[in-house]
Amino acid sequence: MKKEIVLTGITTTGTPHLGNYVGAIRPAIEASRNKDSESFYFLANYHAIISCHEPSRIKQSSREVAATWLALGLDTDNAFFYRQSDIPEIMELTWILTCMTAKGLMNRAHSYKAAVAANEADNDKDPDKGVTMGLYSYPILMAADILMFQATRIPVGKDQIQHIEMARDIAARFNHHFGEHFVLPEAVVNDQVAVLSGLDGRKMSKSYNNTIPLFTPEKQLRKLIMKIKTNSLEPGEPKNPDGCTLFEIYQAFATENDVEAMKRRYAEGIAWGEMKQTLFEYLNAHLAPFRDRYNDLMNAPDHIEAVLLKGRDKARERSVPFLETIRKAVGISALE
Ligand code: TRP
């Protein structure tokens with residue numbers, strides 16, 4: 001049986017937060033321990049420059065994302081862990097795929113359509129105002145990331161499913177024309193993992209500015225947890241754990257027994273202040289050892305760099321020969 005290949009990219013524009021950890025990073029690191037599959041995880045910095053034109057932020061984010069995954073125990077001897085821009089074959093493949101992608105397909109991309117809709121809502125004369133070709137062709141770059149490594153399973157959030165479908169469309173069209181070179185990937189949306197709410201009760205997301213950074217210092221972690229929005233029920237009044245942000249976060253970290261015990265405390269009317277303190281202590285105890293490792297790594301960028309370059313070499317052992325077959329398939333290889 002052919003091995004499954006799991007692949008996902010992390011756009012390097014922000015600081016990893018609790019929601020990223022629970023929803024994506026933790027399951028990905030667990031999946032990478034499965035010997036029946038191969039894992040490809042990469043810093044999607046070509047994706048980052050689509051929306052972020054601040055070099056210092058991209059640089060800082062790349063360092064933070066890499067340090068986070070390593071601190072949490074990603075085994076880079078096992079997984080492929082690299083920086084997208086270190087694999088020049090991805091860019092070459094992007095162009096080759098661009099030439100096989102219908103413009104109409106890109107017209108239908110959600111992110112592009114959302115930008116146009118926003119312009120129309122503002123009564124802008126130009127519906128494409130602020131839309132770069134990077135944003136417009138973003139799904140082709142993503143298809144190249146995936147198709148380059150013959151990935152079969154792409155763990156993503158719901159917002160990314162369309163991009164995986166586009167990667168399939170592009171791959172199928174290429175295969176139909178040039179022969180069966182690409183494997184068609186599948187999106188994997190894991191409903192088991194929790195989607196955490198943020199400080200204001202909306203989904204925790206950097207676009208809402210409501211996140212709790214995963215490795216924020218202890219004092220700051222306490223302060224942020226104290227800020228989480230609750231209702232105005234008094235101590236002693238029974239409370240509903242469902243839909244409660246504090247409980248949700250607690251549940252994402254606690255053992256089953258502790259979760260059951262906490263449900264009883266809710267029924268008994270635990271005070272919000274006490275719940276916040278408990279959550280803080282629980283989280284802090286869980287995160288502290290990883291945070292120490294993270295801080296050490298953040299202070300050792302040379303080490304992170306060395307790990308990424310090793311990852312590059314390992315990934316290019318696949319991408320260089322594979323791109324050569326694609327070049328041949330489309331007719332741009334050496335004359336013989
Ligand atoms: N676009 C993805 C996101 O914003 C990140 C990403 C880039 C990605 N390339 C990928 C995810 C390839 C999966 C596969 O979340």
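# Exercises on a predicted model

Of the 13 residues around the ligand, those that come nearest are Gly9, His47, Tyr138, Asp145 and Gln160. The model is predicted, and the exercises below start from this ligand site.

## Exercise 1. The ligand shell

Task: State which secondary-structure elements each supply at least two residues of the shell around the ligand, and how the shell divides by class.

Solution.

Step 1. Strand E1 (4-11), strand E2 (37-44) and helix H7 (133-148) each supply at least two residues of the shell.

Step 2. By class, the shell consists of 7 nonpolar, 5 polar and 1 charged residues.

## Exercise 2. Polar atoms facing the ligand

Task: For the side chains of Tyr138, Asp145 and Thr11, give the distance to the ligand and the ligand element involved.

Solution.

Step 1. Tyr138 places a polar side-chain atom 2.6 Å from a nitrogen atom of the ligand.

Step 2. In the side chain of Asp145, an N or O atom is 2.7 Å from a nitrogen atom of the ligand.

Step 3. For Thr11, the ligand atom is an oxygen, 3.5 Å from an N or O atom of the side chain. On its own, the ligand has 370 Å² of accessible area, and the protein covers 86% of that.

## Exercise 3. Strand pairing around E2

Task: Work out how E2 is joined to E1 and to E3, then follow one row of residues across the strands.

Solution.

Step 1. E1 and E2 run parallel and are joined by 8 bridges.

Step 2. E2 also pairs with E3 in the parallel sense, over 4 bridges.

Step 3. Leu7 has Phe40 in E2 as its bridge partner. Phe40 in turn stands opposite Phe80 in E3. The row therefore reads Leu7, Phe40, Phe80.

Step 4. Burial can be added to this picture. In E2, 8 of its 8 residues are buried. In strand E3 (residues 80-83), Phe80 and Tyr82 point one way, Phe81 and Arg83 point the other way, and all are buried.

## Exercise 4. Classifying four helix residues

Task: Decide whether Ala28, Ala71, Asn119 and Phe280 are buried or exposed, and list what each touches beyond its neighbours in sequence.

Solution.

Step 1. The cut-off for buried is under 20% relative accessible area.

Step 2. Ala28 lies in helix H1 (residues 18-31). Its relative accessible area is 7%, so Ala28 is buried. Beyond four places in sequence, Ala28 is in contact with Tyr41 and Trp69. For Ala28 and Glu64, 36 residues apart in sequence, the C-alpha to C-alpha distance is 17 Å.

Step 3. Ala71 belongs to helix H3 (residues 55-71). Ala71 is buried because its relative accessible area is 0%. With residues up to four places away not counted, Ala71 touches Phe290, Arg293, Tyr294 and Leu297. The C-alpha atoms of Ala71 and Leu297 are separated by 7.4 Å, although 226 residues apart along the chain.

Step 4. Asn119 is found in helix H6 (residues 110-121). At 9% relative accessibility, Asn119 is therefore buried. Its contacts, leaving aside neighbours within four places, are Asp124, Asp126, Pro127, Asp128 and Lys129.

Step 5. Phe280 sits in helix H12 (residues 272-298). Its relative accessibility is 7%, so Phe280 counts as buried. Outside four places in sequence, Phe280 is in contact with Glu218, Leu221, Arg222 and Ile225. The C-alpha atoms of Phe280 and Lys223, 57 residues apart along the chain, are 9.2 Å from each other.

## Exercise 5. Positive phi outside glycine

Task: Locate Gln150 and Asn209, give the phi of Gln150 and Asn209, and decide whether Asn209 is buried or exposed.

Solution.

Step 1. The background is that most residues other than glycine have a negative phi.

Step 2. Gln150 has a positive phi of about 55° and is not a glycine. Gln150 lies in the loop between H7 and strand E4 (153-155).

Step 3. Asn209 has a phi near 60°, also positive in a residue other than glycine. Its place is the loop between strand E5 (186-188) and helix H9 (218-227).

Step 4. The cut-off for exposed is over 50%. The relative accessible area of Asn209 is 71%, so Asn209 is exposed.

Key. Residues numbered from 1 in each chain as written. Predicted model: local features only at pLDDT ≥ 70, side-chain atom pairs only at ≥ 80, totals over all residues. Heavy atoms only, no water. Buried < 20%, exposed > 50% of the residue type's maximum accessible area, 1.4 Å probe, protein only. Contact = heavy atoms within 4.5 Å. Near = heavy atom within 4 Å. Polar contact = N/O pair within 3.5 Å; in protein donor to acceptor, adjacent residues only side chain to side chain. Areas by Shrake-Rupley, 256 points an atom, 1.4 Å probe, with all protein chains shown as cover. Nonpolar A, V, L, I, M, F, W, Y, C, P; charged D, E, K, R; others polar. Pairing = 2+ DSSP bridges.
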